[in-house]
Amino acid sequence: QVQLVESGGGLVQPGGSLRLSCAASGINFSAYIMGWYRQYPGKQRELVAGITSNGSPRYVDSVKGRFTISRDNAKNTMYLQMNSLKPEDTAVYYCNADLTTSIGTPLRRYWGQGIQVTVSS
């Protein structure tokens with residue numbers, strides 16, 4: 001049974017920091033491209049940051065320089081360090097795991113249950 005379990009969300013003041021974690025089980029974690037998505041009410045889920053199996057990160061422009069994605073393949077865990085948080089970062093954040101072929105053909109996709117991040121004074 002595949003599980004992606006997010007933790008670390010909550011309420012923080014503008015300018016503050018949070019670190020999200022995603023603990024994976026039931027998959028060969030090191031083989032998966034991992035990512036963090038967020039979803040605003042009434043909107044589609046959007047990619048925030050992704051990290052390849054060998055640790056190469058990418059970010060959406062709005063979080064570059066503020067968020068850092070990382071992974072620990074030995075612990076089957078991915079992280080998102082969020083600094084200088086803004087009210088517009090308020091959303092539900094989802095952990096994502098994608099398995100693809102060497103040429104990018106999708107094979108499997110899994111999601112966590114989501115975790116609320118609220119940035120407010």
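Modeller: Strands are DSSP runs of at least two residues, numbered from the N terminus. The model we discuss is predicted.

Colleague: Where is the place of D89?

Modeller: D89 touches R38, R66, F67, S84, V117 and V119, leaving out residues up to four places away in sequence. As for its own position, D89 sits in the loop between β8 and β9.

Colleague: Is D89 buried or exposed?

Modeller: The relative accessible area of D89 is 1%. The limit for burial is under 20%. So D89, at 1%, counts as buried.

Colleague: With which side chain does the side chain of D89 make a polar contact?

Modeller: D89 meets its partner in a salt bridge, at 2.8 Å from N to O. Both residues of that pair are buried. The partner lies in the loop between β6 (57-59) and β7, so the pair ties together parts that are 23 residues apart in sequence. The polar contact, also at 2.8 Å, is with the side chain of R66.

Colleague: Which residues do salt bridges that share partners join into one network?

Modeller: The structure holds 5 salt bridges. One of them joins the side chains of R66 and D89. Another joins the side chains of R38 and E46, at 3.2 Å from N to O. Through shared partners, the network takes in R38, E46, R66 and D89.

Colleague: Does E46 count as buried, partly exposed or exposed?

Modeller: Its salt-bridge partner R38 is buried, with a relative accessible area of 3%. E46 has 30% relative accessibility. Burial needs under 20% and exposure over 50%, so E46 at 30% counts as partly exposed.

Colleague: With which residue does D61 form a salt bridge?

Modeller: D61 is exposed, with a relative accessible area of 60%. The closest N and O atoms of its salt bridge are 3.0 Å apart. The partner of D61 is K64.

Colleague: Which residues form a disulfide?

Modeller: A search of the whole structure finds 1 disulfide. Its two residues are in strand β3 (residues 18-25) and strand β9 (residues 91-100), 73 residues apart, so it links distant parts of the chain. The angle about the S-S bond is -65°, and the link is left-handed. The sulfur atoms, 1.9 Å apart, belong to C22 and C95.

Colleague: Which element gives the most to the largest nonpolar core?

Modeller: That core has 29 residues. The elements giving two or more residues to it include β3, β4 (33-39), β8 (77-82) and β9. M34, M78, L80, M82 and Y93 have the most contacts inside it. With 5 residues, the element that gives the most is β9.

Colleague: Which residues of β8 does Y93 touch, not counting residues up to four places away in sequence?

Modeller: The contacts of Y93 include E6, L20, Y37, R38, V48 and F67. G114, I115 and V117 are also among them. β8 covers residues 77-82, and there Y93 touches L80 and M82.

Colleague: How many of the residues of β8 are buried?

Modeller: β8 pairs with β3 in the antiparallel sense over 6 bridges, and L18 stands opposite M82. β7 also runs antiparallel to β8, joined by 6 bridges, with T68 opposite Q81. β8 is mostly covered: among its 6 residues, the buried ones number 5.

Colleague: Which residue takes a positive phi in the hairpin of β7 and β8?

Modeller: This hairpin has 4 residues between the strands. The positive phi is near 55°, and the residue that takes it is N76.

Note on methods: Residues are numbered from 1 along each chain as its sequence is written. This is a predicted model: local features need pLDDT of at least 70, side-chain atom pairs count only at pLDDT 80 or more; totals for chains, interfaces and linings use all residues. Side-chain values use heavy atoms; hydrogens and water are left out. A disulfide is a pair of cysteine sulfur atoms within 2.5 Å. A nonpolar core is a set of buried Ala, Val, Leu, Ile, Met, Phe, Trp, Tyr and Cys residues joined through side-chain atoms within 4.5 Å. Buried means under 20% relative accessible area, exposed over 50%, partly exposed in between (1.4 Å probe, protein chains only). Contact means heavy atoms within 4.5 Å. A polar contact is a pair of N or O atoms within 3.5 Å; within protein, one must be able to donate a hydrogen and the other to accept it, and residues adjacent in sequence count only if both atoms are side-chain atoms. Two strands pair if DSSP finds at least two bridges between them. A salt bridge is a side-chain nitrogen of Lys or Arg within 4 Å of a carboxyl oxygen of Asp or Glu.
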